[in-house]
Protein chains: 2
Amino acid sequence: MRAKDLAEAYPMARLDDDAFTAVTTMASQRRPGVVVLDEGSRPLHVLPGTQVLRFLVPGYVQDDPSLARVFDETDAIEACVSKLSGHRVGDLLPPKDKRTEPALVDGDATVLECAALMVRLRSPLLVVADGDVIHGVITASHLLDQLLTQPNS
Amino acid sequence: MRAKDLAEAYPMARLDDDAFTAVTTMASQRRPGVVVLDEGSRPLHVLPGTQVLRFLVPGYVQDDPSLARVFDETDAIEACVSKLSGHRVGDLLPPKDKRTEPALVDGDATVLECAALMVRLRSPLLVVADGDVIHGVITASHLLDQLLTQPNS
């Protein structure tokens, strides 16, 4: 079993894709993030859900979350939806100096090699790619499932 | 909609639960971690899958992941399984000074309040609890789903 055999589909988006579509895809699939690709289709950044929330939630509520209780929920939801509309995925990214490159592994990496890389890079997600061919993504829980339960299944 | 209405079941384990069972539950549900409860059933730590991998993968392979390619895969998997057997969940935790307490929110918190807390605490997961009653967990993607897609559904 090699990384390319384990790789699974994951939400991916380009910098100029519509932000609302990318985020709702991630949210409806209950994935923790979106892999953002640069103009050359290379993985640039894994945009986490918390970074999207940072974009959506008003700054003064982030500073004092108890203020959130004074908002009417329908108004708050409408404000969040309208904040995303018209934006591109690139608008949601953190500043360049705060972006971390996605952890990459080539398609022929073994299960143990993937596990070692995740530990070394402290990343619960690896993007499996050979050059500009992206096979998909491997998560820590998928690797653990492979390591611990496959022999018994 | 309040936090306790949004809270979902999530893998939870006590410090003295069997490690193999807790990890395989997390892995088979493809969850990124396990909420670990202390002796008083209070949330103590969210054990991430990468920390479990750190426990399983031999140190010299963590230092040089390319070494992993020399291992026979069946042997590597057997070594990982045997490393967990006989251990308790508490054995998998990082040292006390490297543990972070789970982000907690009470059951009456609003959706926007949960979102603000996630941003403030940089946590993609909130444990929803009132005293020692744990309602479950809210993830960032679940919150985004609630904020962005519910009005349209």
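Let us start with one residue of this predicted model: Arg30(B) is partly exposed, with a relative accessible area of 35%. Arg30(B) has a partner in the other chain, since it forms a salt bridge with Asp145(A), in which the closest N and O atoms are 3.6 Å apart. The pair crosses between chains, from Arg30(B) in the loop between α2 and β2 (33-37) of chain B to Asp145(A) in helix α8 (residues 140-148) of chain A. Asp145(A) is buried, with a relative accessible area of 11%. A third residue joins in: Glu8(A), Asp145(A) and Arg30(B) are linked in a network of salt bridges.

If you are new to salt bridges, here is the general idea. Side chains of opposite charge can pair when their charged atoms come close.

## Salt bridges in the model

How many salt bridges are there over all chains? The count comes to 8, and across the interface of chain B and chain A the rule finds 4. Three examples are set out below.

| Pair | Closest N and O atoms |
|---|---|
| Arg30(B) and Asp145(A) | 3.6 Å |
| Lys4(A) and Asp108(A) | 3.2 Å |
| Lys4(B) and Asp108(B) | 3.2 Å |

Take the pair in chain A. Lys4(A) forms its salt bridge with Asp108(A). This pair links distant parts of the chain, for Lys4(A) is in helix α1 (residues 3-6) of chain A and Asp108(A) is in the loop between β4 (104-105) and α7 (111-121) of chain A, 104 residues apart. Lys4(A) is partly exposed, at a relative accessible area of 39%, and Asp108(A) is partly exposed too, at 38%.

Now turn to chain B. There, Lys4(B) forms a salt bridge with Asp108(B). Once again the pair links distant parts of the chain: Lys4(B) sits in helix α1 of chain B, while Asp108(B) sits in the loop between β4 (104-105) and α7 of chain B, 104 residues apart. With 39% relative accessibility, Lys4(B) counts as partly exposed. Asp108(B), with 38%, also counts as partly exposed.

## Where the chains meet

What does the contact between the two chains look like in numbers? It takes 60 residues from chain B and 60 residues from chain A. About 4900 Å² of area is buried between chain B and chain A, and carbon and sulfur atoms give 69% of it. Arg69(B), Leu112(B) and Leu148(B) supply 14% of the area that chain B buries against chain A, more than any other three residues.

Polar contacts appear here as well: between chain B and chain A, 8 residue pairs are in polar contact, with both residues at pLDDT 80 or more. On the side of chain B that touches chain A, at least two residues each come from α2 (19-28), α3 (49-56), α4 (59-63), α5 (73-84), α7 and α8 of chain B. Sorted by class, that side of chain B has 33 nonpolar, 13 polar and 14 charged residues.

A closer look at Gln62(B) puts a face on this contact. Gln62(B) is in helix α4 of chain B. Is Gln62(B) buried or exposed? With 14% relative accessibility, Gln62(B) counts as buried. Leaving aside residues up to four places away in sequence, Gln62(B) touches Ala116(A), Val119(A) and Arg120(A) in chain A, along with Leu53(B), Arg54(B) and Val57(B) in chain B.

## An enclosed helix

Why can helix α8 of chain B be called largely enclosed by the rest of the structure? The reason is that 9 of the 9 residues of α8 (residues 140-148) of chain B are buried, so the helix is largely enclosed. Among these buried residues are His142(B), Asp145(B), Gln146(B) and Leu148(B). What covers the buried residues of α8(B) comes from both chains, including α2 (19-28), α3 (49-56) and α5 (73-84) of chain A together with α1 (3-6), α7 (111-121) and β6 (133-139) of chain B.

## Cysteines and a strand residue

A disulfide is a covalent bond between the sulfur atoms of two cysteines. How many disulfides are found over all chains? The count comes to 0. Cys114(A) is buried, with a relative accessible area of 0%, and Cys114(B) is buried, with a relative accessible area of 0%.

Finally, look at Val133(A), which lies in strand β6 (residues 133-139) of chain A. Val133(A) counts as partly exposed, at 45% relative accessibility. Val133(A) and Arg14(A) are 119 residues apart in sequence and 15 Å apart in space, C-alpha to C-alpha.

Note on methods
Residues are numbered from 1 along each chain as its sequence is written. Chains are lettered from A and ligands numbered from 1 in the order in which they are written. This is a predicted model: local features need pLDDT of at least 70, side-chain atom pairs count only at pLDDT 80 or more; totals for chains, interfaces and linings use all residues. Side-chain values use heavy atoms; hydrogens and water are left out. Buried means under 20% relative accessible area, exposed over 50%, partly exposed in between (1.4 Å probe, protein chains only). Helices (H or I, at least four residues) and strands (E, at least two) are DSSP runs, numbered from the N terminus. Contact means heavy atoms within 4.5 Å. Buried area is the accessible area (1.4 Å probe) that two parts lose on being put together, summed over both. A salt bridge is a side-chain nitrogen of Lys or Arg within 4 Å of a carboxyl oxygen of Asp or Glu. A polar contact is a pair of N or O atoms within 3.5 Å; within protein, one must be able to donate a hydrogen and the other to accept it, and residues adjacent in sequence count only if both atoms are side-chain atoms. Ala, Val, Leu, Ile, Met, Phe, Trp, Tyr, Cys and Pro count as nonpolar, Asp, Glu, Lys and Arg as charged, and the others, Gly among them, as polar. A disulfide is a pair of cysteine sulfur atoms within 2.5 Å.
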